[in-house]
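Could you walk me through this structure in my viewer, one selection at a time? I would like to know what to pick next and what is there.

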Amino acid sequence: MAEVSSYRPGVVAELAVTRFQRVKAGDALGKVLVTEPRILASSLAVIQSEIDLLRTEMKPVLTQQRNAIDYNQFRLDWMRQRTQLATARVNLQLAEAEYGRMNELFKENIVAARVFDQAKATRDRLQSEVEELTAVVGEGEQKFQQLQLTNAPDVTKITEDPLRAAIGVQEAKLRLTEAELSPLPFKAPIDGIVTMVYHRAGEAVTAGQPIVAISTLEPVRIVGYLRPPLTSEPKPGMRVEVRTRGLRREMGEAKVLEVSTQYEVIPGVLLGPIKFSNLELGLPVNISLPPKLKIRAGELVELTLLSDH
């Protein structure tokens, strides 16, 4: 079994799988929003204010620098549009989370249809706004590339001019905020089936906290535990008799693959109804699967070490 988590704390923004759904290695399972949308909105508001301040400081510049001023003015306008787009995306993420929550509550008849329709209308309006601003920013980027100064192909590297240096700082801040706006996807590490969903969309997770668990479709080995004292020393290659439980007991022969070097606590499910203590130790042993014995992953079986003599 593999547990999928996020390497950064955040909020589950999207969960694309359900329990018992089959997945393949590399399939996208969902996304985690690693930055609080309200913090992003505050950062964007600060950037917007500083950009407006720069626009005001550009007015008293001398006439002979008008061409460069026009260029920087267009650049600031384009940055302002990008800021508005990032803000709209943050609001859209909040609206989508609210719409998803209202949708679940509406299905259970907890909220009225008017409240659900209002959340849906807000989500649709912000989605249209994001689409419109995306088109505007795309057009502005094309114009920005066409209006590059002939004597300075990359104006962001010009540090002699304090005004251009200040614009470069604000653009760097904006790029960082735009990067934090994108949720981090998490993917399936193995082929298998989703056996457990620990967190759903809208729930907060810490770094390394499992979000979903995926189990393999077919078992790969048997793990046995030998209680002390050991009557014989297990070694790789030893033959093992495997017997299933149930009304129709089936048998098969397997081999010891690996033997641990230390004792571990035996899982409680293997101890049975009669327990001599709360914690019992055993020596873990990896055993191969019998060739023609059908065993499900997680199934309990009986093991007997066979002597070669």
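## A tour by selection

Start by selecting Y263, V265, L279 and L281: together they make a nonpolar surface patch with about 390 Å² of accessible area. Keep in mind as you go that this is a predicted model. Within the patch, click on V265, which sits in strand β12 (residues 264-265). V265 counts as partly exposed, because its relative accessibility is 43%, between the cut-offs of 20% for buried and 50% for exposed.

**Next stop: the aromatic rings.** The model has 2 aromatic pairs. Show the side chains of F106 and F116: their ring centres are 4.7 Å apart and their planes meet at 10°, so this pair is stacked. F106 belongs to helix α2 (residues 66-107) and F116 to helix α3 (residues 113-146), with their positions 10 residues apart in the chain. Which of these rings is buried and which is partly exposed? F116 is buried, at 11% relative accessibility, while F106 is partly exposed, at 30%.

Now add Y99 to the selection, and you have one aromatic cluster of Y99, F106 and F116. Bring in R123 as well: R123 lies over the face of Y99, 4.2 Å from the ring centre. R123 also takes part in a network of salt bridges with K120 and D124.

While helix α2 is on screen, pick R80, which is found there too. R80 is partly exposed, with 24% relative accessible area. Draw a distance from its C-alpha atom to that of L174 and you should read 9.6 Å, although the two positions lie 94 residues apart along the chain.

**Last stop: salt bridges.** The count for this model is 9. Three are worth a look:

- **E218 and K294.** The closest N and O atoms are 3.7 Å apart. E218 is in the loop between β8 and β9 and K294 in the loop between β13 and β14, so the bridge ties together parts 76 residues apart in sequence. K294 is exposed, at 59%, whereas E218 is partly exposed, at 47%.
- **R239 and E253.** Here the N to O distance is 3.3 Å. R239 lies in strand β10 and E253 in strand β11, so this pair joins parts 14 residues apart in sequence.
- **R245 and E302.** The closest N and O atoms are 2.9 Å apart. This pair links the loop between β10 and β11, home of R245, to strand β14, home of E302, 57 residues apart. R245 is partly exposed, at 41% relative accessibility, and E302 is partly exposed, at 24%.

Key
Residues numbered from 1 in each chain as written. Predicted model: local features only at pLDDT ≥ 70, side-chain atom pairs only at ≥ 80, totals over all residues. Heavy atoms only, no water. Patch = residues over 30% accessible without salt bridge, like charges linked within 9 Å, V, L, I, M, F, W, Y side chains within 5 Å. Areas by Shrake-Rupley, 256 points an atom, 1.4 Å probe, with all protein chains shown as cover. Salt bridge = Lys/Arg side-chain N within 4 Å of Asp/Glu carboxyl O. Helix = DSSP H or I, 4+ residues; strand = E, 2+ residues; numbered from the N terminus. Buried < 20%, exposed > 50% of the residue type's maximum accessible area, 1.4 Å probe, protein only. Phe/Tyr/Trp six-rings, centres within 6.5 Å; stacked < 30°, edge-to-face > 60°. Lys NZ or Arg CZ within 6 Å of the ring centre and 35° of its normal.
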